[in-house]
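Here are my notes on this one, jotted down as I went through it. Have the model open while you read.

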Amino acid sequence: IYALFGATYVVYATFIVTAMVNDRGFGEGAAGTFWAVVGGLSIFSGPLFGWLSDRLGRKIGMMVVYTLFTIAYALVAGNLPDQFLYASIGIFGLAVWSIPTIMSAAVGDYMGPEQAVKAFGFITLFFGAGQITGPAVAGFLADITGTFNIAFWLCALLTASAIALTYFLREPGVE
């Protein structure tokens with residue numbers, strides 16, 4: 001589940017500005033400004049969704065966030081009017097750092113304080129594998145198709161898969 005976050009968020013972070021310039025005709029300055037908006041909004045993502053996962057549970061919190069990511073990626077992939085792109089950027093910015101926050105809390109819930117650091121290090125290996133794989137696949141798809149739309153559709157599919165996988169997570173302490 002964490003690998004799917006690594007693979008998808010990094011595609012958006014790496015290629016959204018390029019996609020805005022090459023696929024949508026935005027100037028580099030305008031695209032950069034939108035990326036700055038993502039940075040500004042991202043300040044709230046960890047605390048907001050950490051709070052939400054404290055209230056609703058880690059499983060529901062992750063499912064909500066992966067749903068938001070799926071929407072953000074689909075809005076960009078769909079090559080819709082610009083206001084949908086703006087919505088995508090806003091959704092992504094608000095959600096971007098939520099999964100690491102929820103994952104660190106979930107690892108503590110599942111493993112307890114004694115094992116949490118080791119367990120978080122272990123799942124971070126999968127996150128890293130996703131970060132390596134995602135941009136390589138996205139770049140390959142863009143080279144073949146001349147656009148990042150297929151790569152963003154793949155990200156939406158992967159985050160939708162993360163929703164399904166998260167649904168089947170057992171609750172902490174249940175054998």
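Is Asp109 buried, partly exposed or exposed? Asp109 comes out as partly exposed, because its relative accessible area is 36%, and the cut-offs here are under 20% for buried and over 50% for exposed. I come back to Asp109 in point 4.

1. Confidence. Bear in mind that this is a predicted model. The protein chain has an average pLDDT of 95, and 99% of the residues reach at least 70. Broken down by element, H7 has the highest mean, at 98, while H2 has the lowest, at 91.

2. The core. The largest nonpolar core has 44 residues, and the members that touch the most others are Phe69, Phe92, Ile99 and Phe152. Seven helices each put in at least two residues: H1 (2–22), H2 (28–42), H3 (45–56), H4 (58–77), H5 (82–95), H6 (98–145) and H7 (149–167). The top contributor is H1, which gives eleven residues. As background, nonpolar side chains in soluble globular proteins tend to be buried together.

3. Phe152. Have a look at this core member with its surroundings displayed. Setting aside residues up to four places away in sequence, Phe152 touches Val11, Tyr12, Phe15, Ile16 and Ala19, and also Tyr73, Val76 and Ala77.

4. The Asp54–Arg58–Asp109 network. Searching the whole structure turns up three salt bridges, and Asp54, Arg58 and Asp109 are linked in a network of them. On one side, Asp54 pairs with Arg58, with the closest N and O atoms 2.7 Å apart. On the other, the side chains of Arg58 and Asp109 meet at 2.8 Å, N to O. That second pair ties together distant parts of the chain, since Arg58 sits in helix H4 and Asp109 in helix H6, 51 residues apart. Arg58 counts as buried because its relative accessible area is 18%, under the 20% limit. Asp109, at 36%, is partly exposed.

5. The Arg24–Asp82 pair. Another salt bridge joins Arg24 to Asp82, where the closest N and O atoms are 3.4 Å apart. This pair also links distant parts of the chain: Arg24 is in the loop between H1 and H2, Asp82 is in helix H5, and their positions lie 58 residues apart in the numbering. Arg24 is buried at 18% relative accessible area, whereas Asp82 is partly exposed at 30%. In general, side chains of opposite charge can pair when their charged atoms come close.

6. The loop between H4 and H5. Two residues here deserve a look. Asn79 lies in this loop and has a phi near 50°, a positive value in a residue other than glycine. With a relative accessibility of 47%, Asn79 counts as partly exposed. Leu80 lies in the loop between H4 and H5 too, and its 32% relative accessibility makes it partly exposed. Leaving out neighbours within four places in sequence, Leu80 is in contact with Leu75 and with Arg24, the residue that forms the salt bridge with Asp82. For a sense of scale, Leu80 and Gly173 are 45 Å apart, C-alpha to C-alpha, with a separation of 93 residues in sequence.

7. A nonpolar surface patch. Which residues make the nonpolar patch of about 520 Å²? They are Ile43, Phe44, Leu48, Trp51 and Leu94. Leu48 is found in helix H3 and is partly exposed, at 39% relative accessibility. I'd colour these side chains when you go over the surface.

8. Phe120 in helix H6. Phe120 is found in helix H6 and is partly exposed, with a relative accessible area of 25%. Not counting residues up to four places away in sequence, Phe120 touches Tyr2, Pro100, Met103, Ser104 and Val107. Going along the chain, the C-alpha atoms of Phe120 and Thr145 are separated by 37 Å, and these two residues are 25 apart in sequence.

How values were computed
Residues are numbered from 1 along each chain as its sequence is written. This is a predicted model: local features need pLDDT of at least 70, side-chain atom pairs count only at pLDDT 80 or more; totals for chains, interfaces and linings use all residues. Side-chain values use heavy atoms; hydrogens and water are left out. A nonpolar core is a set of buried Ala, Val, Leu, Ile, Met, Phe, Trp, Tyr and Cys residues joined through side-chain atoms within 4.5 Å. Buried means under 20% relative accessible area, exposed over 50%, partly exposed in between (1.4 Å probe, protein chains only). Helices (H or I, at least four residues) and strands (E, at least two) are DSSP runs, numbered from the N terminus. Contact means heavy atoms within 4.5 Å. pLDDT is the predictor's confidence in each residue, from 0 to 100. Patches are made of residues with over 30% relative accessible area and no salt bridge: like charges are joined within 9 Å, nonpolar side chains (Val, Leu, Ile, Met, Phe, Trp, Tyr) within 5 Å. Accessible areas come from the Shrake-Rupley method with a 1.4 Å probe; for residues, only the protein chains shown count as cover. A salt bridge is a side-chain nitrogen of Lys or Arg within 4 Å of a carboxyl oxygen of Asp or Glu.
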